[in-house]
Amino acid sequence: MTGKTQTSNVTNKNDPRSLNSRVFIGNLNTAVVTKGDIETIFAKYGKIVGCSVHKGFAFVQYVSERNARVAVARENTRTVSCISGQLDDMWEW
């Protein structure tokens, strides 16, 4: 055990208060990139409470909207494992 806190595999899509703290990560090569990789990349922007990885995309759920906004601003168009990803927050305009 590394002493690292495990995050949930669930991101809350049903609670309207938490939608603004959820980040969508698209164009993701999930054959190569793992949940741990995603958590490592995004943990520097704040406490992650959930991370769900699906074929080709993932969601990261932060404690606060501010953390999600900073992550999107800094990581959008980042290349991971030769795939250029696209980030989008879940804010409703």
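## Isoleucine 25 and the nonpolar core

Isoleucine 25 is buried, with a relative accessible area of 5%; buried means under 20% relative accessible area, exposed over 50% and partly exposed in between, with a 1.4 Å probe and protein chains only. This is a predicted model, in which local features need pLDDT of at least 70, side-chain atom pairs count only at pLDDT 80 or more, and totals for chains, interfaces and linings use all residues. Residues are numbered from 1 along each chain as its sequence is written, and side-chain values use heavy atoms, with hydrogens and water left out.

Isoleucine 25 belongs to strand E1. In space, 5.5 Å separates its C-alpha from that of phenylalanine 57, although the two residues are 32 apart in sequence.

The largest nonpolar core (buried Ala, Val, Leu, Ile, Met, Phe, Trp, Tyr and Cys residues joined through side-chain atoms within 4.5 Å) has 16 residues. Those touching the most other members are Val23, Ile25, Leu28, Ile38, Phe42, Val60 and Tyr62. The elements below each give two or more residues to this core. Helices (H or I, at least four residues) and strands (E, at least two) are DSSP runs, numbered from the N terminus.

| Element | Residues |
|---|---|
| strand E1 | 22-26 |
| helix H1 | 35-42 |
| strand E2 | 48-54 |
| strand E3 | 57-62 |
| helix H2 | 65-75 |

The chain has two helices and six strands, in the sequence pattern β-α-β-β-α-β-β-β. Of its 93 residues, 39% are buried. Contacts (heavy atoms within 4.5 Å) between residues at least 6 apart in sequence join residues at least 24 apart in 64% of cases.
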